[in-house]
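Here are my notes on the model you sent. They are arranged as numbered points, to be read with the structure open.

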Amino acid sequence: MSSQLITNCVRSGIESDLQHGSVIPPLYLSANYAFEEIGKKREYDYTRSGNPTRNLLAETLSQLEGGKGAVVTSSGLSSVTLLLQLLRQGDLVVAPHDCYGGTWRLLNALSQKEQIKVIFVNQNNLEELKKVLELKPKQVWIETPSNPLLRIVDIEKVCELAHQVSAQVIVDNTFLSPILQSPLKLGADFVLHSTTKYLNGHSDVVGGCVIANSNKDFESLSWWANASGLTGAPFDSWLTLRGLRTLEVRIKRQQESAFKVAEFLSEQKKVKNVFYPGLSTHEGHHIAKNQQKGFGAMLSFELSGGICAVKNFVANLKCFSLAESLGGIESLVAHPATMTHASMTEEARKTAGIQDGLLRLSIGIEEKEDLLCDIKNALAQI
Ligand SMILES: *Cc1c(COP(=O)(O)O)cnc(C)c1O
């Protein structure tokens with residue numbers, strides 16, 4: 001991430017108001033815009049199709065990811081829905097076996113209705129991936145690092161293989177943000193975000209976006225977003241742009257604390273495994289080091305004492321809220337087996353490596369000594 005891009009993000013739309021010279025760009029809530037005369041519309045006519053506040057956010061996001069254009073949607077999952085609008089009936093989609101639960105549910109339901117075909121694969125198994133690519137999928141979806149075990153997928157490698165069979169590649173970049181990973185530069189055709197997470201960063205908006213690497217794809221996305229009514233609300237866009245200005249400052253601090261927490265946990269007797277790509281013992285460490293500009297602020301770990309230890313540990317935490325979602329200024333703890341991944345069967349969870357003793361942390365911007373102290377105390381109570 002160049003320093004110029006960060007400055008542009010901080011200053012996006014600042015002092016652009018010609019009417020009053022407001023420093024912060026105004027919020028345009030209006031649903032509609034008056035025509036100048038019959039047959040002559042202004043830049044905007046109706047907010048589902050286009051809105052100055054939402055467009056400013058979209059331009060800022062596109063610049064950050066280095067794309068040709070972005071579409072801002074009402075949630076991360078409506079961004080997934082938008083990308084699926086590009087498919088024809090019966091087209092094949094290849095997705096990671098450990099993708100976000102909501103994405104998995106949608107792909108699975110659409111394939112059961114025979115609208116599309118879906119194959120879930122372990123993208124670290126290149127032989128398995130190559131076999132599936134022979135079936136000529138139209139889209140290959142990547143999520144790296146994955147949830148909740150932070151598995152790393154080699155984006156450049158998967159893009160190269162997918163492009164050989166003319167499939168388009170979509171990378172869900174929610175876990176790292178454009179500050180720490182630039183999938184379009186590694187060959188991806190689209191980047192998707194749940195802006196609910198790091199980009200807004202304050203846990204007070206649900207939103208999403210898709211950034212395209214070509215003008216043609218951007219035009220199709222914009223057309224479908226309007227035609228399907230998936231675009232995001234102006235107030236949400238305004239809040240997200242406000243959050244986005246501090247993204248770099250937040251994520252750098254969160255990542256620094258996450259590293260310390262991961263190191264601390266890996267030294268504890270009551271902790272069986274720590275999953276954080278920044279640790280040299282993590283299986284994806286080398287790929288992460290190459291393709292990311294940092295290891296991020298998400299980690300998970302397994303307590304040796306199973307579900308009993310989990311209950312005691314969580315009950316004694318004071319600086320971590322037991323909640324789903326991630327990427328906000330507040331630290332969170334989640335128990336995948338009973339929360340984010342509860343809809344999976346026990347067997348499927350075990351196969352995916354999600355044990356009952358597993359906890360996931362989203363590290364916030366609190367003082368890191370307080371976070372470490374809190375974890376230390378809670379571990380002592382197990
Ligand atoms: C949260 C999340 C989504 C879905 O986003 P919503 O804003 O909740 O609809 C998709 N992918 C990942 C990786 C997520 O964490």
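**Notes on the predicted model**

1. Glu15 is found in the loop between α1 (3–11) and α2 (52–65). The model is a predicted one, and in it phi of Glu15 is near 60°, a positive value in a residue other than glycine. Please look at the backbone of Glu15 in that loop between α1 and α2.

2. Two cis peptide bonds deserve a look. One joins Thr144 and Pro145, with omega about -5°. The other runs from Asn147 to Pro148, where omega is near 0°. Pro145 belongs to the loop between β4 (139–143) and α6 (155–164), and Pro148 also lies in the loop between β4 and α6.

3. Next, the ligand site. The ligand sits in the largest pocket, whose volume is about 780 Å³. The lining of the largest pocket consists of 37 residues. Nearest the centre of the pocket are Tyr100, Gly101, Gly102, Thr103 and Thr340.

4. Which elements each supply at least two residues of the lining of the largest pocket? They are α3 (76–84), α4 (101–112) and β6 (190–194). The largest share comes from α4, with five residues. By residue class, the lining divides into 15 nonpolar, 15 polar and seven charged residues.

5. The shell around the ligand holds 14 residues. Of these, Leu77, Asp172, Ser194, Thr196 and Lys197 come nearest to the ligand. The shell is made up of five nonpolar, six polar and three charged residues.

6. Three polar contacts to the ligand can be checked on screen. In the side chain of Asp172, an N or O atom is 2.7 Å from a nitrogen atom of the ligand. Lys197 places a polar side-chain atom 2.7 Å from an oxygen atom of the ligand. Gly76 takes part through its backbone, with an N or O atom 2.9 Å from an oxygen atom of the ligand. On its own the ligand has 380 Å² of accessible area, and the protein covers 92% of that.

7. To go over the site again, start from Asp172 and Lys197, which are among the residues that come nearest to the ligand. The Asp172 side chain faces a ligand nitrogen atom at 2.7 Å, while the polar side-chain atom of Lys197 lies 2.7 Å from a ligand oxygen atom. For the backbone, return to Glu15 with its positive phi, then to the cis bonds that lead into Pro145 and Pro148.

Conventions:
Residues are numbered from 1 along each chain as its sequence is written. This is a predicted model: local features need pLDDT of at least 70, side-chain atom pairs count only at pLDDT 80 or more; totals for chains, interfaces and linings use all residues. Side-chain values use heavy atoms; hydrogens and water are left out. A residue is near a molecule or strand if one of its heavy atoms lies within 4 Å of it. A polar contact is a pair of N or O atoms within 3.5 Å; within protein, one must be able to donate a hydrogen and the other to accept it, and residues adjacent in sequence count only if both atoms are side-chain atoms. Accessible areas come from the Shrake-Rupley method with a 1.4 Å probe; for residues, only the protein chains shown count as cover. On a 1 Å grid over the protein atoms alone, a cavity is a set of points where a 1.4 Å probe fits but cannot get out, and a pocket is an open set with protein on both sides within 12 Å along at least five of seven lines; lining residues have an atom within 4 Å of a point. A molecule sits in a cavity or pocket if more than half of its atoms lie within 2 Å of its grid points. Ala, Val, Leu, Ile, Met, Phe, Trp, Tyr, Cys and Pro count as nonpolar, Asp, Glu, Lys and Arg as charged, and the others, Gly among them, as polar. Grid points are joined across faces, edges and corners, and a volume is the space filled by probe spheres set on the points. Helices (H or I, at least four residues) and strands (E, at least two) are DSSP runs, numbered from the N terminus.
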